[in-house]
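Subject: Structure handover

Hello,

I am passing a structure on to you, with some notes on what turned up in it. Please keep the sequence and the 3D view open while you read.

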Amino acid sequence: PNYAVKKIEETVQKIATAFGIQNAPMLVQTIFDGESIFVLEFSVRTGGGVKFLHIKRITGFDVIDAVVELTLKNNPTYNEEQKQEIYLIGFP
């Protein structure tokens, strides 16, 4: 899993750098085949549906609060105490 996370972070950073995206929510949908990352879609927005709830449960990071803070020109906070050691994998 650490290799996958590193590859995803590198790929997302390359996208953000290429498009000059700073301090903004970014939705990136990928496929990881165990070795390579394939980007299916990316956009500068928060995920739809209840994804923000899953993200908060898994990471402790509240995406909606962060977007509001960024809009108000504040730095978002991260509450690691709410983090849970679980993973969410979606299958078609």
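To begin with one pair of residues, Gln 29 stands opposite Glu 41 in strand E2. Another such pair is Phe 32 and Ile 37, the latter also in E2. Please keep in mind that the model is a predicted one.

The two strands
Strand E1 covers residues 27–32 and strand E2 covers residues 37–43. Their pairing is antiparallel and has six bridges. Together E1 and E2 form a hairpin, with four residues between them. In the turn, Gly 34 has a positive phi of about 100°.

Phe 38 is a residue of strand E2. Which residues does Phe 38 contact, leaving aside its neighbours within four places in sequence? They are Gln 29, Thr 30, Ile 31 and Asp 33. Phe 38 counts as partly exposed because its relative accessible area is 44%, and the range for that class runs from 20% to 50%. Thr 11 is 27 residues away from Phe 38 in sequence, and the distance between their C-alpha atoms is 9.1 Å.

The chain as a whole
The protein chain contains three helices and two strands. Read from the N terminus, the order of these elements is α-β-β-α-α. The chain has 92 residues, and 14% of them are buried. About 7,300 Å² of the chain is exposed, and 56% of that area comes from carbon and sulfur atoms. Among contacts with a separation of 6 or more, 32% join residues that are 24 or more positions apart.

Helix H3 and the salt bridge
Helix H3 spans residues 63–71. At its start, a side-chain oxygen of Asp 62 comes to within 3.1 Å of the backbone nitrogen of Ile 64. Just after H3, Lys 73 has a positive phi of about 65°.

Asp 62 also takes part in a salt bridge, and its partner is Lys 56. The closest N and O atoms of this pair are 3.3 Å apart. In general, side chains of opposite charge can pair when their charged atoms come close. How many salt bridges are there? The count is one.

Are the two partners buried or exposed? Asp 62 is buried, because its relative accessible area is 17% and the cut-off for buried is under 20%. Lys 56 has a relative accessible area of 31%, so this residue is partly exposed.

The nonpolar patch
Val 50, Phe 52, Leu 53, Ile 64, Val 68 and Leu 72 make a nonpolar patch of about 480 Å² on the surface. Helix H2 (51–59) and helix H3 are the elements that give two or more residues to this patch. An α-helix has 3.6 residues a turn, so residues three or four places apart point the same way. Within the patch, Ile 64 and Val 68 may be worth viewing with that in mind.

Leu 72, also part of the patch, is found in the segment after H3. Why does Leu 72 count as exposed? Its relative accessibility is 54%, and exposed means over 50%.

Regards

Definitions and conventions:
Residues numbered from 1 in each chain as written. Predicted model: local features only at pLDDT ≥ 70, side-chain atom pairs only at ≥ 80, totals over all residues. Heavy atoms only, no water. Buried < 20%, exposed > 50% of the residue type's maximum accessible area, 1.4 Å probe, protein only. Contact = heavy atoms within 4.5 Å. Areas by Shrake-Rupley, 256 points an atom, 1.4 Å probe, with all protein chains shown as cover. Pairing = 2+ DSSP bridges. Polar contact = N/O pair within 3.5 Å; in protein donor to acceptor, adjacent residues only side chain to side chain. Patch = residues over 30% accessible without salt bridge, like charges linked within 9 Å, V, L, I, M, F, W, Y side chains within 5 Å. Salt bridge = Lys/Arg side-chain N within 4 Å of Asp/Glu carboxyl O.
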